[in-house]
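Colleague: Hi, do you have a minute to go through this one with me? I'd like to look at it together.

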Amino acid sequence: MAYFKITLMRSAIGLPKPIGGVLKSLGLRKRMATVYQPVRQDVAGKIMAVKELVDVQEVEKPLTNAEMRALRRPDPGFYVESRGVQRFDTTE
Amino acid sequence: MFGAFRPSGPLFGGLLWKIPYRLSRPQKYRHRQRLKHVDKVVATVDAALQKLGKPVAAVERWKEEMPTEAEMLAKDKYTMFDKKVKKYRKGIHKLPKWTRVSQRLNPPGF
């Protein structure tokens, strides 16, 4: 099942009240927040109502907040030496 | 000389334009990027619905009526109809919240 990955890029401050309501119903509370919604007609209609404010991608599977955070984490550039043996173990 | 109480035209005068009558080049560039971004959002939603096989009226109507950024004339991108203005055109940046609303169509003939 496909999902829309929706990120709020622009705030609805100062726009008509119903726009804020649409964002709330999508689960977007503050700028740069990301939510996953299933690809459905009602969700598509909501996205069309706020298309100037959001960024949308179609993805196969929703990610949790922890998974999205892990993706943003930079490569530490090192590994702990004591685990190196297991890491480079080619005997198996 | 400087600061909030400097004697400048807009602060001391009555009716003085504070919004320039035309967009600057970077403003126009950013405006085009915003138009393209909206096109991209609609295309993404449309592609997902095509796979689902269920059309949505809002998307179909947008596709039918609205020109994409590439199809739009420069005149329609950067200016909009206004009956109160000489020659019936004003800069699109005079539209309230112009960076967050879609204004693509103008009356035919204007």
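Colleague: Let's begin with T7(A): does it count as buried or exposed, and why?

Modeller: Keep in mind that this is a predicted model. T7(A) counts as buried because its relative accessibility is 11%, and the cut-off for buried is under 20%.

Colleague: Where is T7(A) placed in chain A?

Modeller: T7(A) is in strand β1 of chain A, which covers residues 3-8.

Colleague: And which residues does T7(A) touch, leaving out those up to four places away in sequence?

Modeller: Those are M32(A), A33(A), T34(A), L53(A), V54(A) and D55(A). With T34(A) there is also a polar contact between the two side chains, at 3.2 Å.

Colleague: Nice. Switching to chain B, what helices and strands does it have?

Modeller: Chain B has four helices and two strands. Along the sequence they come in the pattern α-α-α-α-β-β.

Colleague: How much of chain B counts as buried?

Modeller: 30% of its 110 residues. Chain B exposes about 8,000 Å², with carbon and sulfur atoms supplying 61% of that area.

Colleague: What about contacts in chain B between residues at least 6 apart in sequence: what share joins residues at least 24 apart?

Modeller: That share is 53%.

Colleague: Now the interface. How many residues does each chain bring to the contact?

Modeller: Chain B brings 23 residues and chain A brings 22. Between them the two chains bury about 1,800 Å², and 66% of this is on carbon and sulfur atoms.

Colleague: Which three residues supply the most of the area that chain B buries there?

Modeller: V41(B), V45(B) and R100(B), which together supply 32% of the area that chain B buries against chain A.

Colleague: How many salt bridges are there across the interface?

Modeller: One is found between chain B and chain A. E58(A) pairs with K51(B), and their closest N and O atoms are 3.0 Å apart.

Colleague: And how many residue pairs are in polar contact between the chains?

Modeller: Seven, counting pairs in which both residues have pLDDT 80 or more.

Colleague: Which elements of chain B give two or more residues to the side that touches chain A?

Modeller: Those are α2 (25-52) and α3 (57-65) of chain B. α2(B) gives the most, with 12 residues.

Colleague: Last one: what classes of residue are on that side of chain B?

Modeller: The side of chain B that touches chain A has 13 nonpolar, four polar and six charged residues.

Notes:
Residues numbered from 1 in each chain as written. Chains lettered and ligands numbered in written order. Predicted model: local features only at pLDDT ≥ 70, side-chain atom pairs only at ≥ 80, totals over all residues. Heavy atoms only, no water. Buried < 20%, exposed > 50% of the residue type's maximum accessible area, 1.4 Å probe, protein only. Contact = heavy atoms within 4.5 Å. Areas by Shrake-Rupley, 256 points an atom, 1.4 Å probe, with all protein chains shown as cover. Buried area = accessible area lost by both parts, 1.4 Å probe. Salt bridge = Lys/Arg side-chain N within 4 Å of Asp/Glu carboxyl O. Polar contact = N/O pair within 3.5 Å; in protein donor to acceptor, adjacent residues only side chain to side chain. Nonpolar A, V, L, I, M, F, W, Y, C, P; charged D, E, K, R; others polar.
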